[in-house]
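Student: I would like to learn how to read a fold from its model. Can we take it feature by feature?

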Amino acid sequence: MSAPFYTVKDVPAQDFIRGYAEYLKKNNKIKIPEWASIVKTGLGKEISPIDQDWMYVRAAALARKIYVRGHWGVGNLTHMFGSRNDNGKHESGSGKVIRYLLQQLESIKVLKKDNKSLLKKGSRIVTKEGQQDLNRIATQVALAARK
């Protein structure tokens, strides 16, 4: 009998994001820039995040979002990671943070730019290596949750 196999879609989002963020931090996959402690995550925010590991969590959320539904660009992701302010107006998320983390995920070969798509040229998709990596983390998270 073979070992159980889980994909990112089989694991609850919060559990996968937490597990993948821990993996990124433990293995030093993403370089945290100096400006990370003072930057806001969007226009609707007043201060930077309190959690020291927020960039790892955001990178994991970006990787999961692109895995589940590929062909995301920076503009769509800033909208998805934005928030609403007091009067109900939508505020965009930080494009610099998202762009930087997408570049970091591309450097570790989890994501790549898709230049073959006619409509969404330059959007991000998951690489084969990235898919294997994300599914391996999802399997570890699912097996840990079963115990």
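Tutor: Start with the inventory. The model is predicted. Its protein chain has 5 helices and 4 strands.

Student: In what order do the elements of the protein chain run from the N terminus on?

Tutor: Write one letter per element. Here the order is α-α-α-β-β-α-β-β-α.

Student: How does the radius of gyration of the protein chain stand against the globule rule?

Tutor: The idea is to set the value beside the one expected for the chain length. The rule gives 15 Å for 147 residues, and the chain comes to 16 Å, so it is as compact as a globular protein of that length. For the extents, take the principal axes. The C-alpha trace spans about 55 × 40 × 30 Å along them.

Student: What share of the residues counts as buried?

Tutor: The cut-off is under 20% relative accessible area. Of the 147 residues, 43% count as buried.

Student: And how much of the contacts comes from residues 24 or more positions apart?

Tutor: Take the contacts with a separation of 6 or more. Residues at least 24 positions apart account for 61% of them.

Student: Now a helix pair. At what angle do the axes of α1 and α2 cross?

Tutor: Fix the two segments first. Helix α1 covers residues 13-26, and helix α2 covers residues 54-68. Their axes come within 8 Å and cross at roughly 125 degrees. That angle makes α1 oblique to α2. The crossing itself is right-handed.

Student: Which residues make the contact?

Tutor: List each side in turn. From α1 come Ala13, Phe16, Ile17, Tyr20, Ala21, Leu24 and Lys25. From α2 come Tyr56, Val57, Ala59, Ala60, Ala61, Ala63 and Arg64.

Student: How do the residues of that contact divide into nonpolar, polar and charged?

Tutor: Sort them by class. The contact of α1 with α2 has 12 nonpolar residues, no polar ones and 2 charged.

Student: Next, backbone angles. What is the sign of phi at Asn28?

Tutor: Note the sign, then the residue type. Asn28 is not a glycine, yet its phi is positive, about 50 degrees. Asn28 sits in the loop between α1 and α2. Its relative accessibility is 62%, so Asn28 counts as exposed.

Student: What is phi at His71?

Tutor: His71 is also a residue other than glycine, and its phi is positive, near 65 degrees. Locate it next. His71 lies in the loop between α2 and α3, the latter covering 74-80. Is it buried or exposed? His71 is partly exposed, at 28% relative accessibility.

Student: Now loops. Where is Thr127, and is it buried or exposed?

Tutor: Place the residue between its flanking elements, then check its accessibility. Thr127 is in the loop between β4 (123-126) and α5 (128-146). Its relative accessible area is 13%, so Thr127 is buried.

Student: What is Thr127 in contact with?

Tutor: Set aside the neighbours within four places in sequence. Thr127 then contacts Lys109, Val110, Leu111 and Lys112.

Student: Where does Gly82 lie?

Tutor: Use the same routine. Gly82 is in the loop between α3 and β1 (83-84). Gly82 has a relative accessible area of 24%, so this glycine is partly exposed.

Student: Which residues does Gly82 touch?

Tutor: Not counting residues up to four places away in sequence, Gly82 touches His90, Glu91, Ser92 and Gly93.

Student: And how far apart are the C-alpha atoms of Gly82 and Ile108?

Tutor: Read sequence separation and distance in space side by side. Gly82 and Ile108 are 26 residues apart along the chain, and their C-alpha atoms are separated by 26 Å.

Terms used:
Residues numbered from 1 in each chain as written. Predicted model: local features only at pLDDT ≥ 70, side-chain atom pairs only at ≥ 80, totals over all residues. Heavy atoms only, no water. Axes fitted to C-alpha atoms, helices over the stretch in contact; angles between N-to-C directions. Helix = DSSP H or I, 4+ residues; strand = E, 2+ residues; numbered from the N terminus. Parallel < 35°, antiparallel > 145°, perpendicular 65-115°, else oblique. Left-handed = near helix turned anticlockwise from the far one by under 90°. Contact = heavy atoms within 4.5 Å. Nonpolar A, V, L, I, M, F, W, Y, C, P; charged D, E, K, R; others polar. Rg over C-alpha atoms; globule rule 2.2 N^0.38 Å. Buried < 20%, exposed > 50% of the residue type's maximum accessible area, 1.4 Å probe, protein only.
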